[in-house]
Every structure is written in structure tokens, then in C-alpha cells.
Amino acid sequence: VESIVYMSDGLKVKGYVAYPLKSGKYPSIVWCRGGIGDSGAIDEFNARGMFGKLASWGYVVFAPQYRGNSNSEGIDEFGGSDVNDITNIMEIAKSYAQADTDNWGIEGWSRGGLMTYLMLTKSDKFKAAIILGGISNVRNAVNTPLLFNRIQELSDNSFGLDDFNSLINKRSVINFVQKLNKETPMLIIHGNKDDRVLVKDPVELSTKLLENENIFRLVLLEGGDHFLKTHRNEVDEMRKQWYKKYLG
């Protein structure tokens, strides 16, 4: 696992890359972190654990911290132009000999789920997607004041109420499910006791996904909190098998 700085829309953005020690060509995964601002940023210790595990499964991982975080330049827009930080880190993959850039997966936790959904409306490159505790309707965040307050901070200085509502709607994939790439199979995992991103998010989204004929599997874990702490082994096995099935 190594830390990197790369250019995204003229900004220096930090991130991580992880890859298997054994030489060869491996499928690539872009990993979208949760949180907002430096809350939820990945440090080197956690990077070794999370991305090292994916590398041990046989994947090359590219993980942006997003602009405005961890001393990266710019401002974290929580699903605005910072989505480009994902697209641009994927370009970095071309400089890693082990990365198969024709075979991409994407994964996101919490806010990273929101970022994953947005990427799936912009790209058809992904052969597999995994969303855990993901936000599909930002409006439901009114029930989680910490998150909602941080989002509101993004717009207070420059937006009125109408623009704030527009900001929320543009980041909520439930409003434009038809834009999701239908060829990307999605594994959506959520704890039914999640008090940060309410379980109604994936349940309501799943109805729309059925109507839109997307390929997806929804797993609701009994007693699971936002971090799925008591289900880690089960979640890891599901993740591993999903990637194995669709990425190889």
C-alpha cells in the first residue's frame, strides 16, 4: 500500500494505491471513502488494512481522499465536482503495470456509496459495484443531523433554499435511477439498525432499481449498524465472492 498525490482538475489530491506483491496483471478497483471533510478520511494504518485486504484477494486498488481533505487542494463538494477525483485517479492506473485497466470494479461505503452511484451514472467501465451503508437519498439525512449539518455548511455561503434543495437532489441517485448503467451488477449491503444512513434508503432505491431492470442484490443484515461491526466476516465473504464472480 502506498500513498500518492495526483492531479485532478488542476488540483493536487491525495490518495492510496494497493497492489499484490506477486507480479502479474490484476483487475482494478476504485474505492470510495465515506465521511465528509477530514471526518472519515483514511489514514495509513487503516489503508493497509482495508486496501491491503483487497490486494491480497488479487486486485489493484485506487482510493482517492477527495479534494479539500487530508491537505489536498480544493473544496470537498460531497458529490459535486469532487466526483472527478475518482475519474482522474482511474487515469493513474495506466502507470501501474499490474493494473488491468480493462477490468474495473468500484466500491463505496456510506458517502462513498453516494459517490459510487454517481460514478455509475457517468461511466460504463465498471463490471461490478459494491455499496455498503450507502446514501441514495440525501434528503433522508435530515434524520442524521451531523451529516445534514455538514452538507448544509457547503451551501450556506453561496446558496439559497432553492439551490440547497437542488444540491440535495443532484446528489440523490433515487431521483435519476434511469441514468445508472444497467450493465453493472450492484451488491448493496445495509444494516437494518443503521442510525446514520437509514435502511429506508436502500429499500426505497431497490423498488426503483426493479422498475429500471438493473442487476442488483440487496442484503439487509439483521442488527447491523452503519459500520456493520458485528458482520465483518460475513460482509467480507460477500464482497470477495461478488468480485470473484464479476471481475475474476
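**Exercise 1. Strand β6**

Task: decide how many of the seven residues of β6 are buried.

Solution. Start with the cut-offs: buried means under 20% relative accessible area, exposed means over 50%, and partly exposed lies in between, using a 1.4 Å probe and protein chains only. Next, fix what a strand is. Strands are DSSP runs of E with at least two residues, helices are DSSP runs of H or I with at least four residues, and both are numbered from the N terminus. Now count: six of the seven residues of β6 are buried. The strand is mostly covered.

Two notes on the model. It is a predicted model, where local features need pLDDT of at least 70, side-chain atom pairs count only at pLDDT 80 or more, and totals for chains, interfaces and linings use all residues. Residues are numbered from 1 along each chain as its sequence is written, and side-chain values use heavy atoms, with hydrogens and water left out.

**Exercise 2. The partners of β5**

Task: find which strands β5 is joined to, and how many bridges join each pair.

Solution. Recall the rule: two strands pair if DSSP finds at least two bridges between them.
- Step 1. Take β3, residues 26-32. Seven bridges join β3 to β5, and the two run parallel. On this side, Ile29 stands opposite Gly105 in β5.
- Step 2. Take β6, residues 126-132. Six bridges join β6 to β5, again in parallel. Here Glu107 stands opposite Ile130 in β6, and Gly108 stands opposite Ile131 in β6.
- Step 3. Check the cover. Eight of the 11 residues of β5 are buried, so this strand is mostly covered.

**Exercise 3. Thr101 in β5**

Task: say whether Thr101 is buried, partly exposed or exposed, and list what it touches.

Solution. Locate the residue first: Thr101 lies in strand β5. Its relative accessible area is 30%, so Thr101 is partly exposed. For touching, use the contact rule: heavy atoms within 4.5 Å. Leaving out residues up to four places away in sequence, Thr101 touches Ser28, Ala93 and Lys94. Now look along the chain. Thr101 and Tyr26 are 75 residues apart in sequence, yet their C-alpha atoms are 8.8 Å apart in space.

**Exercise 4. Two positive phi angles**

Task: place Ser110 and Glu213 in their loops, then say which is buried and which is exposed.

Solution. Ser110 sits in the loop between β5 (99-109) and α3 (111-122). Its phi is positive, about 60°, although Ser110 is not a glycine. With a relative accessible area of 15%, Ser110 is buried. Turn to Glu213. This residue lies in the loop between α6 (200-212) and β8 (216-221). Phi of Glu213 is also positive, near 60°, and Glu213 is not a glycine either. Its relative accessible area is 63%, so Glu213 is exposed.

**Exercise 5. Two aspartates**

Task: work out where Asp9 and Asp236 lie and how each is covered.

Solution. Asp9 is in the loop between β1 (2-8) and β2 (11-18). At 46% relative accessibility, Asp9 counts as partly exposed. Asp9 touches Arg67, Ser81, Asn84 and Asn88, not counting residues up to four places away in sequence. From Asp9 to Asn175 the distance is 27 Å, C-alpha to C-alpha, with their positions 166 residues apart in sequence. Asp236 is found in helix α7, residues 232-246. At 12% relative accessible area, Asp236 is buried. Among residues over four places away in sequence, Asp236 touches Lys53 and Trp57.

**Exercise 6. The whole chain**

Task: test the radius of gyration of the protein chain against the globule rule.

Solution. The rule is 2.2 Å times the number of residues to the power 0.38, with the radius taken over C-alpha atoms. For 248 residues, a compact globule would have a radius near 18 Å; the chain has 17 Å, which agrees. Add the wider picture:
- The chain has seven helices and eight strands.
- Its C-alpha atoms fill a box of roughly 55 × 40 × 30 Å, taken along the principal axes.
- Of its 248 residues, 53% count as buried.
- Among contacts with a separation of 6 or more, 74% join residues 24 or more positions apart.
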